[in-house]
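Subject: Structure for you to look at

Dear colleague,

I am handing over the structure below, together with notes on what was found in it. Please keep it open while you read, since the notes refer to individual residues.

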Amino acid sequence: MSATPSVFSPYARERPFYDAGARETFYGPRLPVELAPAPDDTFHTWREGDRLPLLAHRHWGEPRLWWLLCDLNDLVDPEDLPVGTVLRIPSRARVEALVLG
């Protein structure tokens, strides 16, 4: 694994570990990203056929940030979201500040 993950990776802010015996760098468990609710948040009601990468692209311009929707909405199994689940989606400016800032 690369020692420097992409800024879009859920591991971008995590400290890498180096296994000298295996001569490889890895990333262990990570803490979820938190972002308090704000007045400019929008909400999306999950429909049949929705996909998290598409929502991330639609709202933030970057499908690789789908994992952030999981963290911010406490989703454990994003492949099995019931229709009607309401997702909180922070503004693009707040997400950019969180991920890039």
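A polar contact here is a pair of N or O atoms within 3.5 Å, where, within protein, one atom must be able to donate a hydrogen and the other to accept it. Please bear in mind as well that this is a predicted model.

With that definition in hand, a good place to begin is Arg 88, whose side chain makes a polar contact of 2.9 Å with the side chain of Asp 41. Arg 88 is part of strand β4, which covers residues 86-89, and its relative accessibility is 12%, so it counts as buried, the cut-off being under 20%. When neighbours within four places in sequence are left aside, the residues in contact with Arg 88 include Leu 35, Ala 36, Pro 37, Thr 42, Phe 43, Leu 69, Leu 72 and Asn 73, and both Asp 41 and Arg 94 are also on that list.

Asp 41 has a second partner to consider, for its side chain also meets that of Arg 94 in a salt bridge, at 2.9 Å from N to O. Because Arg 94 lies in helix α3 (residues 92-100) while Asp 41 sits in the loop between β2 (24-26) and β3 (42-45), this pair ties together parts that are 53 residues apart in sequence. Asp 41 is itself buried, with a relative accessible area of 8%.

The count of salt bridges comes to 5, and two others among them deserve a mention. One joins Arg 64 to Glu 62, with the closest N and O atoms 2.8 Å apart; in this pair Arg 64 is partly exposed at 47% relative accessibility, whereas Glu 62 is buried at 12%. Another links the side chains of Glu 96 and Arg 92 at 3.1 Å, N to O, and these two residues both belong to helix α3, where they are 4 residues apart, or about one turn of the helix. Both ends of this bridge are partly exposed, Glu 96 at 37% relative accessibility and Arg 92 at 44%. Salt bridges that share partners, by contrast, join Asp 41, Arg 88 and Arg 94 into one network.

Turning to the helices, which residues of helix α1 (residues 52-60) are buried? They are Leu 52, Leu 55, Ala 56 and Trp 60, and, seen down the axis of α1, they fall within an arc of 100°, so they line one face of the helix. Leu 54 and Arg 58, on the other side of α1, are exposed. The buried residues of α1 pack against β3, α2 (66-72), β4 and α3, and just after this helix Gly 61 takes a positive phi of about 75°.

Helix α3 can be read in a similar way: Arg 94, Val 95, Leu 98 and Val 99 are buried there, and they cover an arc of only 120° around the axis, which puts them on the same side of α3. Ala 93 and Leu 100 are exposed on the other side of α3. As for what lies against this helix, the buried residues of α3 pack against α1, α2 and β4. Arg 94 thus appears in two parts of these notes, as one of the buried residues of α3 and as a partner of Asp 41 in a salt bridge.

With best wishes

Definitions and conventions
Residues are numbered from 1 along each chain as its sequence is written. This is a predicted model: local features need pLDDT of at least 70, side-chain atom pairs count only at pLDDT 80 or more; totals for chains, interfaces and linings use all residues. Side-chain values use heavy atoms; hydrogens and water are left out. Buried means under 20% relative accessible area, exposed over 50%, partly exposed in between (1.4 Å probe, protein chains only). Contact means heavy atoms within 4.5 Å. A salt bridge is a side-chain nitrogen of Lys or Arg within 4 Å of a carboxyl oxygen of Asp or Glu. The arc is that of the directions from the helix axis to the C-beta atoms.
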